[in-house]
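Visitor: Please give me a close look at one part of this model, the place where two helices pack, and follow the chain from there to whatever it touches.

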Amino acid sequence: MIDVHYWPTPNGKKLTIQLEESGVDYNVVYCEIGRGAQFEEDFLRISPNNRMPAIVDHQPADGGGPLSVFESGACMLYIADKCGRFGGDTPRQRWEVCQWLMWQMANQGPKFGERGHFARLKDSQGDQSYALKRFDDELHRLYGVLNNRLYDRRYLAGDHYSIADMACYPWVEGWEAQGIDIDEFRYFRRWFNELSQRPALQRGMAVGSELRQDYSSMSEEERKRVVTLLYNQRARPAPDSGGIEE
Ligand SMILES: N[C@@H](CCC(=O)N[C@@H](CS)C(=O)NCC(=O)O)C(=O)O
């Protein structure tokens, strides 16, 4: 059994999609980031970056104790390896999958996330027009990268649906709200529409959807509480003693 420490955000949904697609038994451990569950000591031992998702495999292949993995891309590689599915069957395919998974982790995820951050501020911290333009342009560019890649390939890694597709999908579900005209990216649109029909992907996307809170529906007080928790985080101090000293 795999525990997935999860909240219904695009990074979390990558894993529930994969677990559903792979037919793996999993247990969802909700990590309510708006309430600070990501800062709890037990969670930090699994995910020292105070971010979800993370997984704990209670039956790792080496027969040892529970094995934990953080960073969604690493979790996806772990599950693909464990199940022997969706990670590419040959070395050549594996590297196709791996580079598009890394592309998602290093480009699409962070840039889309920052765009969401600045869009939510809505000038409450002064004029955000430069930041918004910067990230809107980046989003447009990145949709173009997907579109060009999918021009002559059915999926991101080639002929086979893989964890690279599963990692990208939850971030583009909101293309309309992101100000994207999908008709400008028709190869992307073909891929998006095909994936949207997959029952397992739909099940993965739906996990915990009843828990998701939209900023716009929060009271002012609740919004302030969440913003204080999630924005402008600074370093947590290391323990004073008992560490490896200079
Ligand atoms: N690179 C990380 C990013 C994870 C991430 O940013 N998670 C967000 C939710 S989507 C989170 O846990 N935020 C909690 C916080 O900001 O304190 C991954 O892909 O796993």
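**Two helices and a ligand**

Guide: H3 passes H6 in a right-handed crossing, a term for the near helix being turned clockwise from the far one by less than a right angle. Please keep in mind that this is a predicted model, where local features need pLDDT of at least 70, side-chain atom pairs need 80 or more, and totals for chains, interfaces and linings use all residues. Residues are numbered from 1 along each chain, and side-chain values use heavy atoms, without hydrogens or water.

Helix H3 covers residues 72–83 and H6 residues 163–172; helices are DSSP runs (H or I) of at least four residues, strands (E) of at least two. Their axes lie 10 Å apart at an angle of about 145°, taken between N-to-C directions on a scale from 0 to 180 degrees. From H3, Met-76, Leu-77 and Ala-80 meet Ile-163, Met-166 and Ala-167 of H6, with contact meaning heavy atoms within 4.5 Å. The residues of this contact are six nonpolar, no polar and no charged.

H3 begins at residue 72, and a polar side-chain atom of Ser-72 lies 2.6 Å from a ligand oxygen, inside the 3.5 Å limit for N or O pairs in a polar contact. Ligand oxygens also sit 2.8 Å from a polar backbone atom of Met-52 and 3.3 Å from a side-chain N or O of Arg-51. The protein covers 81% of the ligand's own 510 Å² of accessible area (Shrake-Rupley, 1.4 Å probe). Its shell holds five nonpolar, six polar and three charged residues.

Met-52 has another feature to look for: a cis peptide bond, omega about 10°, joins this residue to Pro-53. Pro-53 belongs to the loop between H2 (41–46) and strand E3 (54–57). Asn-50 is in the loop between H2 and E3 too, with a positive phi near 40°. Most residues other than glycine have a negative phi, and most peptide bonds are trans.

Notes. Polar contact = N/O pair within 3.5 Å; in protein donor to acceptor, adjacent residues only side chain to side chain. Nonpolar A, V, L, I, M, F, W, Y, C, P; charged D, E, K, R; others polar.
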